[in-house]
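Student: Could we go through this structure together, beginning with the overall fold and ending with individual side chains?

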Amino acid sequence: MLVGYIRVSTQEQNTDRQVKLLKDKQVEKLFIEKVSGKNTNRKELHSMLEYVREGDTVIVESYSRLARSTKDLLNIVDTLENKGVNFISLKENIDTTTPQGKLMFTIFAGLAQFEREQTLQRQKEGIAIAKEQGKYKGRKPIDINKELFQTVYKQWKAGEITGVEATKKLNISKSTFYRRVKEYKQ
């Protein structure tokens with residue numbers, strides 16, 4: 001069976017191009033998600049890995065759709081290989097059923113990791129320059145009603161509610177809540 005995996009990084013991005021490409025390749029089952037590929041904690045990725053059986057072939061538009069780090073990519077393909085599942089990346093023309101395809105896959109995965117790290121390094125350098133010039137202030141802090149925060153903080157501190165309940169009442173993430181707690185204590 002031909003199984004397709006499609007991923008875009010944000011809800012705003014469109015999957016139509018990847019869907020058309022994989023349907024043109026006669027893919028019978030598609031797993032589609034709109035989530036970052038920075039790690040493997042992705043619902044549809046796990047569903048696809050559970051779904052595939054020996055003899056199946058997983059097809060992706062590009063291996064960057066499957067994973068952003070070399071380690072994750074190699075682990076996913078290794079998982080597929082251990083299940084007797086083949087892997088094809090159309091953009092890079094990689095087919096792991098051949099020794100040449102396996103070699104090319106390993107080389108391309110390393111290059112993708114290098115490219116990602118270079119992009120992050122350039123971004124970090126650009127932010128540092130912008131900060132020096134006073135042009136970058138960082139993300140704007142999330143606006144939280146001070147009275148509501150104090151009330152919820154006191155409930156949380158007294159053990160009346162959990163951290164999860166506090167974050168829901170304030171409609172903020174866990175990391176934002178604990179950052180604000182730290183700031184509030186100071």
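The exchange below deals with a predicted model and moves from the whole chain to its charged pairs.

Student: In what order do the elements of the protein chain run from the N terminus on?

Tutor: The inventory to be arranged consists of eight helices and five strands. Helices and strands take turns at the start of the chain, and four helices stand at its end, so that, with elements defined as DSSP runs, the order reads β-α-β-α-β-α-α-β-β-α-α-α-α.

Student: What radius of gyration does the protein chain have, set against that of a compact globule of 186 residues?

Tutor: The C-alpha trace spans about 60 × 45 × 30 Å along its principal axes, and buried residues make up 35% of the 186 residues. For a compact globule of that many residues a value near 16 Å would be expected, but the protein chain has 22 Å.

Student: Which parts of the protein chain does the salt bridge between Arg 17 and Glu 61 tie together, and how many residues apart in sequence are they?

Tutor: The closest N and O atoms of Arg 17 and Glu 61 are 3.3 Å apart, and the criterion for a salt bridge is a distance within 4 Å. Arg 17 belongs to helix α1 (residues 16-24), whereas Glu 61 sits in the loop between β3 (57-60) and α3 (63-66), so the pair links parts whose separation in sequence is 44 residues.

Student: Is Glu 61 buried or exposed?

Tutor: Its partner Arg 17 has 55% relative accessibility and counts as exposed. The cut-off for burial is under 20% relative accessible area, and Glu 61, at 10% relative accessibility, therefore counts as buried.

Student: Which helices hold Lys 102 and Glu 81?

Tutor: The side chains of Lys 102 and Glu 81 meet in a salt bridge, with 3.4 Å from N to O. The two residues are 21 apart in sequence, so the pair ties together separate parts of the chain, with Lys 102 in helix α5 (residues 99-132) and Glu 81 in helix α4 (residues 70-82).

Student: About how many helical turns separate Glu 183 and Arg 180?

Tutor: These two side chains also form a salt bridge, the closest N and O atoms of Glu 183 and Arg 180 being 3.6 Å apart. Glu 183 is partly exposed at 44% relative accessible area, while Arg 180 counts as buried at 18%. Both residues lie in helix α8 (residues 174-185), and because they are three residues apart there, the separation is about one helical turn.

Methods
Residues are numbered from 1 along each chain as its sequence is written. This is a predicted model: local features need pLDDT of at least 70, side-chain atom pairs count only at pLDDT 80 or more; totals for chains, interfaces and linings use all residues. Side-chain values use heavy atoms; hydrogens and water are left out. The radius of gyration is taken over C-alpha atoms; the globule rule is 2.2 Å times the number of residues to the power 0.38. Buried means under 20% relative accessible area, exposed over 50%, partly exposed in between (1.4 Å probe, protein chains only).
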